[in-house]
Amino acid sequence: MKNIVLIGMPGSGKSTLGRCLAELLGRIFIDADPEIEKDAGKTILELFAVSEDCFRRQETATTKRLAKLQDKVLAMGGGVVLRQENITALKENGLLIFIDRSPEDIIGDVDTETRPLLAAGRQRIYDLYEQREALYRKAADATVQNKGSLQEVLLNLAEVARAAE
């Protein structure tokens, strides 16, 4: 069976929703960020300290490995859409679902200090959304709005995922 691949902004709810969705569907959940760290033997902050390109290279290597798995729920990093090779690899065996959450909701909910690209503050979230929204929409096979209760969003997400099975 195809993987269910969640894409979207940092703080959009990919990890939280992915864990819940995997449990609901009886699949294994994999969060890409810890996998990147495991593969690199360094934290994401350490990779970014070298350069964003250093992080992106490792992200691509890990993405290609994860894309070969079967029947998983994958929560990818927010910038995975920045490299077309990532999307190509994920689409070979995955249904890509864009978790769309407004920058306002993200700002109200996310600790920006623990996320390297968001450490510059609130305006950075708006800038990233503006920069990436079209990439998410282009890459996605479906979009789910993260608006409302966790239960409501999860039910919408499960409906989209099941329709593709």
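**Exercise 1. Classify Gly11 as buried or exposed, and place it in the chain.**

Solution. Gly11 has a relative accessible area of 11%, so it is buried. The cut-offs: buried is under 20% relative accessible area, exposed is over 50%, and partly exposed lies in between (1.4 Å probe, protein chains only). Next, the location. Gly11 sits in the loop between strand E1 (3–7) and helix H1 (14–25). Helices (H or I, at least four residues) and strands (E, at least two) are DSSP runs, numbered from the N terminus. Last, a distance. Gly11 and Thr88 are 77 residues apart along the chain, and their C-alpha atoms are separated by 24 Å.

The model is predicted: local features need pLDDT of at least 70, side-chain atom pairs count only at pLDDT 80 or more, and totals for chains, interfaces and linings use all residues. Residues are numbered from 1 along each chain as its sequence is written, and side-chain values use heavy atoms, with hydrogens and water left out.

**Exercise 2. Work through helix H2: which residues are buried, and what covers them?**

Solution. Step one: H2 spans residues 32–40, and Ala32, Glu35 and Ile36 are buried. Step two: seen down the axis of H2, these buried residues fall within an arc of 105°, so they line one face of the helix. The arc is that of the directions from the helix axis to the C-beta atoms. Step three: the cover includes strand E2 (28–31), helix H3 (44–50), helix H4 (52–67) and strand E3 (72–75). Step four: check the ends. Asp31 caps the N-terminal end of H2, with a side-chain oxygen 3.3 Å from the backbone nitrogen of Asp33. Just after H2, Gly41 takes a positive phi of about 70°.

**Exercise 3. How many disulfides does the structure hold, and how accessible are Cys20 and Cys54?**

Solution. The structure holds zero disulfides (a disulfide is a pair of cysteine sulfur atoms within 2.5 Å). Cys20 is partly exposed, with a relative accessible area of 26%. Cys54 is buried, at 13%.

**Exercise 4. Describe the overall fold of the chain by its elements and extent.**

Solution. Count the elements: eight helices and five strands. Read their order from the N terminus: β-α-β-α-α-α-β-α-β-α-α-β-α. Then take the extent. The C-alpha atoms fill a box of roughly 40 × 35 × 25 Å along the principal axes. Finish with burial: buried residues make up 50% of the 165 residues.

Conventions:
Contact = heavy atoms within 4.5 Å. Polar contact = N/O pair within 3.5 Å; in protein donor to acceptor, adjacent residues only side chain to side chain.
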